[in-house]
Amino acid sequence: MVFDDSSYSEEEKELVKRFEHCLSEGETCYFDEDEYVMIFDYYIDNEDNKSCEKVLQFAEAQHLLSADIMDCRARLLAAEGAFDKALSVVEDALKIDNRNIDLRLTKGKILLHTNKKDKAESVFKSIIQIEDSDLDATLIEIGVAYRTVNMFALAKNYLSEAIRLNKENEEALSELALVYELCDENDMAIQTYEKVLDINPYSTQTWIAIGNIYFNLEEYEKAIEPYDYAYTIDAQQTSALLQKGNSLFCANKFEEAIEVYEEYNDLMGENAECYVNIGDCYENLEQYQEAINAYERALNLNADNTNVMANLCVANIDLENYDIALKWINDALEKDPEKSLYHLFKAEVFINLNQKDKAIASYKESIRLDETQTTAYIAIGNIYFDNQNYTTAKMYLDKAYSINPDAEDLKLFLALTHYKLGNFEKAKSLLKQACTENDNSLNVFYEICPEAKVNSFFKSFSPLK
């Protein structure tokens, strides 16, 4: 996750700049304890342990035996995985200031991360007994500590208590919503995020969080608006703009998605991934030349992207430029010969070039690389069916069925194959199943096997019987 310093005030950021200026000029830094703790917090939030160490070098020398500075040292040790040393520092600091809430919080967190959950809970309960003018913030800290070790029930309890003390606590509501999200309680997560927006309708992170939930639920239409709000509120939230484009794409709103992707490209500079997305939009709109243009621009930015080469193969197949399609898929396979999907695409080119033996060889190579590749088994089966080699066709179709019996039209293909082999009862059973999946299956069956209409097994056939 990219560090977001928006929770820090301009005054606090200026303090960090002063510290960095001292370092860059080789000057000795002088700050009081609270200032050093704030600067340390900034770096620890950014997971910048080296800068944390620099802060402590000055702070420990200037504020000897400061419990708050010792707490920072313990937190840095814990961040580096030295939990035993961190706990030792905390215990020494508590001898200096036994009622220091930050120290006790750090101790509880260390105990949680070393799987001493009962001891951690005892420490956290002891904190609540201490008179604390900022109890709701302390409860949030404890709730977040439990959330980070996936103890969600306890996280909910502490965060809910913080909200009971202060229903307008935006941080507590945001953290509780995140816990609901992690528990897959998505309705509760959205309701709680909406309470955050009642307090702060300009919270871009909250709008993005709601958009992410809807996107992950594949409710793409509902995801579009939250991402749009986030970007409208803060034009720096370009990731929200990109996710809006992705939501539009997944909602099959390809023309709108293209506009968003192009806007993102204009803002962030030419981006290969965006051009791929634009190409995919045009592919879905059946505007194949425009798709090719976009894919080629993507390839200009990333010449080794074999997926783009494969996309260029597919788009040229759609334009019936089979020789060009073959060139692109060969380029992709030269760089990545172990990609099963690429051999499928190559086989499709050979099918369109009416080179069925080469197509079968490519399908078999696809299967060698991925034994679950049902598409290849079905395709080989259909080639043998067309060549009236029904026994071999059945062998490949049976294999596909054993892997994925619900593959599209597979039951219809098996019904046709069994009919040609004279297994009429089996063919009838499979055809009935096929008709439940696709209303047009019966028409296709009679188109390929018109003689079945007078066959005693089929002349009165109805999918409902």
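1. Let's start with E256, which comes out as partly exposed at 42% relative accessibility. E256 sits in helix 15, residues 254–268. Bear in mind as you read on that this is a predicted model.

2. E256 also has charged company. Together with E255, E259, E262, E263 and D266, E256 forms a negative surface patch. Residues with over 30% relative accessible area and no salt bridge are the ones that go into patches, and E256, at 42%, is past that accessibility cut-off.

3. Next, have a look at the backbone of E286. Phi there is near 60 degrees, so a positive value in a residue that isn't glycine. Why bother flagging that? Because most residues other than glycine have a negative phi. E286 lies in the loop that links helix 16 (272–284) to helix 17 (288–301). With 58% relative accessibility, E286 counts as exposed, because the cut-off for that label is over 50%.

4. Q388 is another one to check. Its phi is near 65 degrees, again positive in a non-glycine residue. You'll find Q388 in the loop between helix 22 (374–386) and helix 23 (390–403). Is Q388 buried or exposed? Exposed, with a relative accessible area of 60%.

5. Last stop, E334, in helix 19 (residues 322–335). E334 is exposed as well, at 67% relative accessibility. If you want a distance to try in your viewer, take E334 and E221: they are 113 residues apart along the chain, and their C-alpha atoms are separated by 40 Å.

Key:
Residues are numbered from 1 along each chain as its sequence is written. This is a predicted model: local features need pLDDT of at least 70, side-chain atom pairs count only at pLDDT 80 or more; totals for chains, interfaces and linings use all residues. Side-chain values use heavy atoms; hydrogens and water are left out. Helices (H or I, at least four residues) and strands (E, at least two) are DSSP runs, numbered from the N terminus. Buried means under 20% relative accessible area, exposed over 50%, partly exposed in between (1.4 Å probe, protein chains only). Patches are made of residues with over 30% relative accessible area and no salt bridge: like charges are joined within 9 Å, nonpolar side chains (Val, Leu, Ile, Met, Phe, Trp, Tyr) within 5 Å. Accessible areas come from the Shrake-Rupley method with a 1.4 Å probe; for residues, only the protein chains shown count as cover. A salt bridge is a side-chain nitrogen of Lys or Arg within 4 Å of a carboxyl oxygen of Asp or Glu. Lys and Arg count as positive and Asp and Glu as negative; His and the chain ends are not counted. The place of a charge is taken as NZ of Lys, CZ of Arg, CG of Asp or CD of Glu.
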